[in-house]
Amino acid sequence: MTGQPTVWQALGIPPTREIGDIRRAYAARLKECHPEENPDGFQRLRTAYETALRTARGAAEGAGSVPSTAVKDVVGQVQASAASGVISSQLDDENQRHVEGAVGRLEQLLKAPGEPDRAALESALNAVLDTPGAFHVGSWDALERRLARLLLEPVPKSDPILDTVVQRLRWARADVVTARAKEVVVVVTRVADLATVAKLQSGTDADARAFQLFSQPAPKSWMSRRVKAFYLDHAIRDFLNKTLKARPTLTQWLDKGSVDAWMKIFGRPHVSARGLATMPILSAIAVLAVYVAGELGTLPADSRAADFLLALCVGPCLVLAKLYAFSWPIMLLFRRLKGKEPPPWMRWGWLAAGAFSVLLVSTLPITWPVAAMSLVLSAGLLPWATVAAHPIFVAEGLGFYQKLKLALMENPVVLLWTGMIGWGVGLPASIATAGAFGASAIAGRSMAKRWKFDSAPRTRRWSLVALSLLTMAAFYALWRSSDSPVEFALSTGLVTVAALMQRPARLTLSQALVGRWAQVMVFATFALVLALSTGGLTRKRLAMQIAGSYVLVGVVATICFVVCSEATTGRLLRRASAQT
Amino acid sequence: MLTPSAVSIDDDGQLLVGMAARERQVTHPALTATAFKRYMGTNRMTRLGAREFLPEELSALVLASLKADAEHYLGEPVKSAIITVPAYFNDKQRKATRRAGELAGLAVDRLINEPTAAALAYGIHRRQDETKFLVFDLGGGTFDVSILEIFEGVIEVRASTGDTYLGGEDFNEVLIQDFLRQHGTTLSFTSREQAPLLYEVLRDQAERARRQLTVEAVAKMVVSWKDQHFEYSVTVDQFETLCQRLLARLRDPVIRALRDSKVDLDQVKEIVLVGGATRMPVVRRAVTRMFGRFPATSLNPDEAVALGAAIQAGLKARDAALKEVVLTDVCPYTLGVDSGERRPDGSFRLDVFTPIIERNTVIPASREKRFTTLSDGQEKIALKIYQGESRIASENIYLGTIEMPVPPRRAREVAVTCRFTYDINGLLEVDVEVPATHERRQLVIFDRESGEPGIDLEHRRRDLAALKVHPREKDPNRAALARAARCFEHFLGEEREEVRRQLSTFEAALDTQDPVTADHARARLLKALDALEGKSFL
């Protein structure tokens with residue numbers, strides 16, 4: 001025989017459940033495997049001994065309420081040997097009565113109706129802890145548990161004295177080996193929670209704001225909820241991820257109805273102002289590309305200024321207007337929620353931005369109805385769409401099937417688009433769509449990666465291979481496709497849809513939108529270069545495409561929102577409250 | 001007679017160790033060191049005269065004096081020793097103790113936990129029984145609790161816990177504080193550093209009062225300072241009230257020991273009291289209340305530990321009389337490493353203490369755990385080693401760091417195995433291996449002598465040996481002189497005159513250079529001093 005000897009071989013006895021036998025065998029073998037002279041042998045023996053004892057004890061416990069004779073023997077012996085302390089039992093009885101009396105008084109106080117009197121409670125508690133009987137270590141664990149249970153029952157009545165108990169009995173000390181009794185842990189947690197709640201109720205930091213929001217009834221109007229949610233985004237996410245995940249017991253202090261209402265919005269990641277601010281920058285880059293192309297003479301010189309202005313206006317101006325259209329709500333929310341004024345540029349910026357866009361649109365060589373529509377779009381539709389579109393990309397806190405369901409709910413829209421193109425335009429446009437999707441996806445991914453946006457690692461490799469193939473197909477399709485306005489409009493739409501099709505597995509919406517915006521931009525630039533090299537593209541269409549893609553992101557987002565937003569609600573909080 | 005842990009340096013630069021040094025504590029606090037056991041393992045330097053000493057060097061001097069005494073008695077050289085340490089001594093403190101032994105010229109065969117030694121002294125005669133008992137060891141500076149079981153000739157330590165900062169000294173401190181509450185303003189005493197001489201007087205008086213309370217219902221502290229006389233009296237009941245907090249602290253380790261050992265208090269056959277401080281009635285009463293029964297007092301609390309160490313020496317030598325006894329001890333504290341966890345939301349929770357050897361594991365023990373990298377492309381893993389019971393790593397005692405280069409891969413793809421080996425002397429060894437590269441490293445916990453410990457130790461040993469120590473034959477006379485000097489300062493009026501008279505008689509006897517005359521005179525002097533201030537407690 002080679003290899004490790006079994007437990008029983010190490011002990012030199014046949015398998016048994018008799019604890020006495022195991023101990024005798026261990027003692028006998030110990031003389032050969034002396035811890036001094038044969039540390040390795042001793043360790044093997046000790047492991048075998050402990051395993052054997054565990055098995056034997058486990059078997060005894062498994063036998064249920066009737067302990068095996070072996071255990072009984074040991075217990076019997078011990079009791080016989082302990083019987084010598086006659087005086088001790090008398091002493092114990094006397095002390096026990098005192099403890100009972102003190103605990104009874106405390107219980108009475110706790111169960112009495114009406115407001116608790118803190119001083120009375122505290123003195124009753126001290127009386128329990130100071131009786132000589134409570135000093136006894138043998139019954140201590142039981143008394144400790146009993147006290148904890150007693151205090152937990154009339155919660156929150158006992159709250160004022162919980163802190164005293166924890167301090168006097170040093171319950172809060174974190175011990176890495178011994179597990180505290182369950183009741184004791186609950187008391188300690190509650191004391192810590194009480195301290196945290198006190199801090200959160202009076203605080204003004206992000207966590208406190210989120211806590212205060214959740215502990216009050218939610219506003220009736222879902223519109224105001226959504227607007228509020230838009231600006232509380234980070235605070236809530238931090239609160240959910242840090243505070244509530246670490247301390248699920250805090251949900252006791254939250255308003256259930258409010259939580260449910262809010263979680264329809266907050267259960268998922270949101271767009272952030274910072275994410276939106278990135279967009280104008282990217283717009284500017286795209287516009288610059290057009291401008292540079294014009295300067296280089298690749299674009300016809302006749303209406304360069306007009307085309308440039310058009311692109312400038314319809315692209316970034318929409319974004320700026322979108323940001324500033326909300327400056328009033330921002331100000332109000334700042335004042336209410338953060339307790340301070342927003343920065344001045346934010347307050348007045350919308351006027352400048354609005355005036356600027358009006359000016360720009362009015363100087364454009366386009367008709368007034370078009371200009372008006374552009375402004376309406378910028379001021380109304382886009383911000384609304386962005387705010388409303390918050391809850392589409394639910395990722396965090398959802399299970400696989402929930403994600404699948406969501407993907408299916410979103411996909412009909414995508415399928416509809418693709419079908420329309422296939423039916424209306426024909427195959428080349430469909431291939432172009434796919435190609436656009438590929439190119440934009442690659443660009444978006446690499447950008448997201450560079451900006452440390454995480455994406456699902458499992459799918460990354462395969463999607464990159466597939467996307468490279470699709471890109472090559474797109475090159476071919478665009479090369480072949482004719483330059484008709486319908487196709488262009490459709491490809492614009494398709495870019496958008498393609499962008500939206502990507503499920504940001506672990507992205508927040510803000511990250512996803514930035515990534516998507518990047519995709520649109522890259523696609524536009526890509527299409528521009530391609531068209532210029534083939535000579536089949538006009539500037540106006542290009543600018544329209546840039547802007548149009550962006551508009552459509554919003555439109556499709558709105559549609560998706562209408563289809564599925566309220567259907568999925570946040571599970572984080574509910575799961576947290578289920579844990580407690 | 002016991003040798004107190006005290007080292008003093010006298011005016012001509014010679015060293016005094018033991019009783020004589022202890023007596024000088026009150027009169028020459030700046031030249032005397034006591035209670036240095038508390039600082040073992042630290043770099044705290046004590047200045048005595050011209051030279052600075054490490055705690056381990058002071059211990060080495062005491063050990064050397066003990067060695068000389070033993071050699072004198074046995075008439076043969078003593079080469080090796082078994083040294084007892086509080087069970088709760090950590091790795092650093094144990095290493096320092098071992099170095100102290102080596103500095104004293106002793107090969108340290110074994111460090112044994114004090115409660116284990118005491119239990120050995122208690123249990124060795126009961127080895128035929130099958131029994132469990134609890135050793136309650138409250139010494140001058142440390143408190144240890146151990147639960148032991150004897151069966152089939154095996155003495156097994158089931159659990160060992162304690163509090164390294166709780167002991168008789170703390171009870172003295174309670175009395176001093178109460179004394180100062182009463183007289184502090186007139187004495188204008190603020191801190192020990194501000195008036196070391198006064199503090200020593202206070203401490204001496206507190207110790208006396210505490211011992212008096214062992215036999216009497218009321219005790220007095222009398223302090224003469226700057227021609228003023230301060231009196232303070234305390235009754236047993238008052239003292240008990242004052243000690244309430246300390247007594248409450250005695251309970252925690254007991255409860256932990258019971259929990260860890262999974263032994264029911266009903267199964268514990270006897271409570272064995274060890275350590276000088278357990279003579280105090282307040283402590284005995286607290287013990288009685290705590291356990292609901294009277295503790296066993298069959299052992300002399302001062303000698304039990306030494307007796308146990310002697311038995312351990314016998315066990316170690318496989319003495320025939322002890323042949324059938326095997327002792328197994330435990331590691332009294334948890335040893336582990338600092339680690340991090342990734343939360344579900346992707347953030348990290350750092351500073352998590354992961355135990356590798358849990359407290360009260362039977363030693364020698366060797367345990368292994370695997371750890372993986374936390375982030376992509378991580379190039380090394382640094383394992384910080386801690387000892388303690390808190391779940392938060394940095395709240396524990398830091399022992400050292402071991403760094404291990406790992407191949408840069410994705411997070412959680414590279415594993416290292418970390419093996420802790422805790423030997424029978426309570427010294428720890430850490431091995432780390434990366435299975436992927438088969439690279440191994442062993443931890444050298446950075447000691448002061450991390451460079452070349454052997455050479456340095458040898459150097460320091462010679463250094464200490466060069467110090468002049470008073471010839472041991474004259475020690476009793478020195479001690480008597482020091483005590484008389486202290487009494488002379490303490491008493492006033494007629495009593496002072498009496499001390500002076502006795503002292504000069506003794507000095508005259510010493511001048512005759514006749515040892516017999518000197519011995520007689522010394523006996524007379526000590527008797528007179530006993531009559532004045534009560535029996536010496538040293």
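The largest nonpolar core in this predicted model has 131 residues, and those with the most contacts inside it are A:Leu11, B:Ala118, B:Leu134, B:Val135, B:Phe136 and B:Val272. By a nonpolar core I mean a set of buried Ala, Val, Leu, Ile, Met, Phe, Trp, Tyr and Cys residues joined through C-beta atoms within 7 Å. Buried, in turn, is said of a residue with 20 or more other C-beta atoms within 10 Å of its own, while 12 or fewer makes it exposed and anything in between partly exposed, the C-beta atoms being placed from the backbone. A second, separate core has 41 residues, among them B:Ala21, B:Leu54, B:Leu58 and B:Leu481.

Before going on, a word on conventions. Residues are numbered from 1 along each chain as its sequence is written, and chains are lettered from A and ligands numbered from 1 in the order in which they are written. As the model is predicted, local features need pLDDT of at least 70 and side-chain atom pairs count only at pLDDT 80 or more, whereas totals for chains, interfaces and linings use all residues.

Let me stay with two of those core residues. B:Val272 is found in strand S13 of chain B, where helices (H or I, at least four residues) and strands (E, at least two) are DSSP runs numbered from the N terminus. Why is B:Val272 classed as buried? B:Val272 counts as buried because 26 other C-beta atoms lie within 10 Å. Not counting residues up to four places away in sequence, B:Val272 touches B:Ala118, B:Ala119, B:Tyr122, B:Phe133, B:Leu134, B:Val135, B:Phe136, B:Ala296 and B:Leu299, contact being taken as C-beta atoms, placed from the backbone, that lie within 7 Å. The C-alpha atoms of B:Val272 and B:Val145 are separated by 9.9 Å, although these positions lie 127 residues apart along the chain. As for B:Leu134, its contacts, leaving aside neighbours within four places in sequence, are B:Val145, B:Ile147, B:Val268, B:Ile271 and B:Val272.

That brings me to the sheets of chain B. S13 belongs to an open sheet of 6 strands with mixed pairing, in the order S13-S8-S9-S10-S14-S17; two strands are said to pair if DSSP finds at least two bridges between them. Strand S13 (270–274) and strand S17 (361–363) stand at the edges of this sheet, each with a single partner strand, so one side of each is left without a neighbour in the sheet. From one strand to the next the twist averages 30°. S14(B) and S17(B) run antiparallel and are joined by 3 bridges, and B:Cys331 has B:Thr361 in S17(B) as its bridge partner. Helix H4 (residues 114–123) of chain B lies across S8, S9, S10, S13 and S14 of chain B, running at about 40° to S9(B), with axes fitted as lines to C-alpha atoms, for helices over the stretch in contact, and angles from 0 to 180 degrees between N-to-C directions.

Another open sheet of chain B has 4 strands in the order S16-S15-S19-S20, with antiparallel pairing. Its edge strands are S16 and strand S20 (397–405), each of which pairs on one side only. Neighbouring strands here are turned by 35° against each other on average, direction ignored. S15 (residues 335–342) is joined to S16(B) by 7 bridges, with B:Arg342 opposite B:Phe348, and to S19 (residues 380–387) by 3 bridges. Across that second pairing, B:Val337 stands opposite B:Ile385 and B:Gly336 stands opposite B:Tyr386.

There is also a hairpin, in which S11 (residues 218–225) and S12 (residues 228–235) of chain B run antiparallel and are joined by 8 bridges. B:Met221 has B:Tyr232 in S12(B) as its bridge partner, and B:Lys226 takes a positive phi near 50° in this hairpin, which has 2 residues between the strands.

Chain A has 24 helices and 0 strands, and buried residues make up 36% of its 580 residues.

Finally, how do the two chains meet? The contact takes 42 residues from chain B and 36 residues from chain A. On the chain B side, H8 (244–261), H9 (281–291), S14 (326–331), S16 (348–357) and S18 (365–372) each supply at least two residues, and H8(B) gives the most, with 7 residues. By class, that side has 17 nonpolar, 8 polar and 17 charged residues, where Ala, Val, Leu, Ile, Met, Phe, Trp, Tyr, Cys and Pro count as nonpolar, Asp, Glu, Lys and Arg as charged, and the others, Gly among them, as polar.

How values were computed: Two residues are in contact if their C-beta atoms, placed from the backbone, lie within 7 Å.
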